[in-house]
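Dear colleague,

Please find below the structure that I am handing over to you. My notes on what was found in it follow.

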Amino acid sequence: MKLKVLASSSKGNCYILETPTGNLLFEAGIPWKEILKGLNYNISNVVGCLISHEHQDHSKAVYDVLKAGIDVWTSKGTANSLGIDRHYRLNIIKSRDQFKVGDFLVLAFDTEHDAEEPLGYLIQYMPTKEKILLLTDSFYCKYKFKGLKYICIECNYIKETLDENIKDGYINEAMKPRLLQSHFSLENVKKFLKANDLSQCREIILLHLSDINADSERMIREIEEVTGITPKIAEKGLEVSLDLFPY
């Protein structure tokens, strides 16, 4: 299994889980032509697309994904907000629903974001039983997970950096409550990781870093100190091989 990062920022988000038995899209927040390029112009082995919420940096190309004949899974609130709730390729899900997408077993769970019905996803690739967590655009997660091999989690900002940027006039102070109540800070990511069993975890990948309120070197250092795992930053073009285990 391989994770390919096509984009991971406030300008757009899109990721591909590649496996020998099918590819799964997570988010479609970049132009369709860029997604096609990331798929090597081959959509025949794409088993589906998961959308976390309706904001355009996560859903921009959802209409094109549906038009291409790819099934989309998302919440009713997200579908209604995007105006795709009647599309025949749409699969409506809610928090704690478990469903299959190709050889992926997916569990949806609610997240904390300023959207209608945002979701995160716990995915198990059934041929190898490996679990990967996809959690973005949430300032907190109340759930704990067992047996995670790979964690893809938003690490959007550092509070001290945000406060300094507001003080220096780079960010309007009115934006602060929205950021604090809709995106994962470094501190909350560390708390989440401490609360979960990481005994089987092989990779931590940090998603959706802020352009001005993040510090990738500090984030890597502090998360490594907490977990013993050196995280990777989800930058455009990153490919992470997620080692397969025997059947």
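Which residues of helix α7 (residues 186-195) are buried? In this predicted model, they are L186, V189, K190, F192 and L193. These residues lie on the same side of α7, because the arc that they cover around the axis is only 160 degrees. K191 and K194, on the other side of α7, are exposed. The partners against which the buried residues of α7 pack are β10 (130-135), β11 (150-154), β12 (203-207) and α8 (216-227).

The strands among these partners lead to the sheet. Seven strands form an open sheet with mixed pairing, in the order β7-β8-β9-β10-β11-β12-β13. At its edges are β7 (98-101) and β13 (232-233), each of which pairs on one side only. Within the sheet, β11 and β12 run parallel and are joined by five bridges; Y150 stands opposite E203 in β12. Helix α7 packs on the sheet and touches β10, β11 and β12. The direction of α7 makes about 155 degrees with that of β11. Helix α8 also packs on the sheet, where it touches β12 and β13, and its direction makes about 145 degrees with that of β12.

Two individual residues may also be of interest to you.

The first is H55, placed in the loop between β4 (46-50) and α2 (56-59). With which side chain does the side chain of H55 make a polar contact? The partner is the side chain of H113, at 3.2 Å. A polar atom of the H55 side chain also lies 3.2 Å from the backbone oxygen of D114. When neighbours within four places in sequence are left aside, the residues in contact with H55 are H113, D114, A115 and R178.

The second is T19, which lies in strand β2 (residues 12-19). Is T19 buried or exposed? T19 counts as buried because its relative accessibility is 11%, and the cut-off for a buried residue is under 20%. Although T19 and M1 are 18 residues apart in sequence, their C-alpha atoms are 4.6 Å apart in space. M1 is also one of the residues in contact with T19 once neighbours within four places in sequence are left aside; the others are F104 and Y125.

With kind regards

Conventions. Residues are numbered from 1 along each chain as its sequence is written. This is a predicted model: local features need pLDDT of at least 70, side-chain atom pairs count only at pLDDT 80 or more; totals for chains, interfaces and linings use all residues. Side-chain values use heavy atoms; hydrogens and water are left out. Buried means under 20% relative accessible area, exposed over 50%, partly exposed in between (1.4 Å probe, protein chains only). Helices (H or I, at least four residues) and strands (E, at least two) are DSSP runs, numbered from the N terminus. The arc is that of the directions from the helix axis to the C-beta atoms. Contact means heavy atoms within 4.5 Å. Two strands pair if DSSP finds at least two bridges between them. Axes are lines fitted to C-alpha atoms, for helices over the stretch in contact, and angles run from 0 to 180 degrees between N-to-C directions. A polar contact is a pair of N or O atoms within 3.5 Å; within protein, one must be able to donate a hydrogen and the other to accept it, and residues adjacent in sequence count only if both atoms are side-chain atoms.
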